[in-house]
Amino acid sequence: MNPSTLDIQIKKAKSSKIGQVDFNNLAFGSIFSDHMLVCDFKNGAWEAPKIVPYGPISLQPSAKIFHYGQSIFEGMKAYKDEEDTIWLFRPKDNHARFNISASRMAMPEIPEDYFMEGLETLLNVDKQWIPTTDGSAMYIRPFMFASGEGFHASPADEYKFIICLAPSGAYFSGKVKVLIEQKYSRSANGGVGYAKTGGNYAGQFHPTQLAKEKGYQQVIWTDDHNHENIEEAGAMNIFVRIGDTLITGPTSDRILDGITRKSILQIAEANNIKTEVRTLTVTEVVTAANNGTLKEMFGAGTAAVVSPISAFGYKDQDYELPVVKDGYADLMKKTITDIQYNRVEDSYGWRYRVTQ
Ligand code: PLP
Ligand code: COI
């Protein structure tokens, strides 16, 4: 963190809720730390950020977020090592992507010092909340939405930027079985698929509920044109290992440019694993499943880390993935988490030390 340039006022909570938390049994993103960072955009400029007790916020019913869905978010994690040092993973990439999302949704960009200094100050205020139990981390949710009023369908003139913290365990519990979607689409050319905007997720809930009723945890989205190409999952980019080659689809304006995805591609290269970033058809995956060359499928994302897929469903048939020992998913998960928790040297320069 640079020497403080922002005057971040801190209003502490009267009492802490931390005593009520069972850090050995953390769900994902369902309990929240004592404080949050709040910053308002008014009259064409960002006001000074404030740290306040976590709690309800007040908005007018005419705030444009409720009507036109101008909202964006990021997903990050903070990790604490054995010396109680706090680490982030490639946080400036999240900041850059936040502004890419902001620009697509006609929202103001947030300056890097507001994002980084705000986050680091908040993490210091609530550092006791960063879990150290195995598989847990502090999930960080920076978000921004239109707080300005009006029913006119046009961008708002006021926005709120908030960062909340949620000590969290694993995103998935148990095996991940996915359904390759054949009817609904998540995104389309020229759309907002690459932006982390609320509507992208709301639009997935109904098809995902239908998939859940059939016993799947996630949908794998295919292209909106003919549902023939594998794109990504609800909260993860997708990797497929056929033979010894690791394949993932190219990013585009339909797909989120995942930070875990690009880290995995770099780790694969460093480990002499052959990778292909190219269009991957459903037919190719089904053929590989049938002829025994499909070795692994896994999802990659901040919340999900690296989540092996145990089976996929396609056109009323289920295809089981083989159980692979020491597979690519294991290598990727171990390499990434060892760097995140400061268990190994970081030859990639991804780890970021939070000033304490
Ligand atoms: N794809 C979608 C739709 C996501 O929501 C996420 C999660 O952030 C990802 C992919 C993975 O991105 P990242 O690795 O940057 O978390
Ligand atoms: C993340 O991985 O951080 C995400 O944003 C996924 C989220 C929808 C839970």
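In the predicted model, Pro-91, Lys-92, Asn-94, His-95 and Phe-98 of helix α2 are in contact with Glu-112, Phe-115 and Met-116 of helix α3. By residue class, this contact comprises four nonpolar, two polar and two charged residues. The two helices cover residues 91-104 and residues 112-125, respectively. Their axes come within 10 Å and cross at roughly 135°. An angle of over 145 degrees would be required for a roughly antiparallel arrangement, and the range from 65 to 115 is assigned to roughly perpendicular pairs; α2 and α3 are therefore oblique to each other. The crossing of this pair is right-handed.

The length of each partner was compared with the expected helical rise. For α2, a rise of 1.5 Å a residue over 14 residues should give a span of 20 Å, and the end C-alpha atoms are indeed 20 Å apart. The same reasoning applies to α3, where 14 residues should span 20 Å and the end C-alpha atoms are 20 Å apart, in agreement with the expected value. Beyond α2 in the chain comes Ala-106, which has a positive phi, near 55°.

Burial was then examined along both helices. In α2, the buried residues are Pro-91, Asn-94, His-95, Arg-97, Phe-98, Asn-99, Ser-101 and Ala-102. Helix α3 is mostly covered, with 12 of its 14 residues buried. Among the buried residues of α3 are Phe-115 and Met-116, both of which also take part in the contact with α2. The buried set of α3 further includes Glu-117, Glu-120 and Asn-124, together with Leu-119, Leu-122 and Leu-123.

A second helix pair is formed by α5 (residues 259-270) and α7 (residues 328-340), which pack at an angle of about 110° with their axes 10 Å apart. Because angles of 65 to 115 degrees count as roughly perpendicular, α5 is placed roughly perpendicular to α7. Thr-260, Ser-263, Ile-264, Ile-267 and Ala-268 of α5 make this contact with Met-332, Thr-335 and Ile-336 of α7. Five of the contact residues are nonpolar and three are polar, with no charged residue present.

Helix α7 also contains Asp-330. The relative accessibility of Asp-330 is 42%, so this residue counts as partly exposed. When neighbours within four places in sequence are left aside, Asp-330 is in contact with Val-324 and Lys-325. Asp-330 and Pro-308 are separated by 22 residues in sequence, and their C-alpha atoms lie 8.5 Å apart in space.

Note on methods. Residues are numbered from 1 along each chain as its sequence is written. Chains are lettered from A and ligands numbered from 1 in the order in which they are written. This is a predicted model: local features need pLDDT of at least 70, side-chain atom pairs count only at pLDDT 80 or more; totals for chains, interfaces and linings use all residues. Side-chain values use heavy atoms; hydrogens and water are left out. Helices (H or I, at least four residues) and strands (E, at least two) are DSSP runs, numbered from the N terminus. The expected span of a helix is 1.5 Å times one less than its number of residues. Buried means under 20% relative accessible area, exposed over 50%, partly exposed in between (1.4 Å probe, protein chains only). Axes are lines fitted to C-alpha atoms, for helices over the stretch in contact, and angles run from 0 to 180 degrees between N-to-C directions. Angles under 35 degrees count as roughly parallel, over 145 as roughly antiparallel, 65 to 115 as roughly perpendicular and the rest as oblique. A crossing is left-handed if the near helix is turned anticlockwise from the far one by less than a right angle, and right-handed if clockwise. Contact means heavy atoms within 4.5 Å. Ala, Val, Leu, Ile, Met, Phe, Trp, Tyr, Cys and Pro count as nonpolar, Asp, Glu, Lys and Arg as charged, and the others, Gly among them, as polar.
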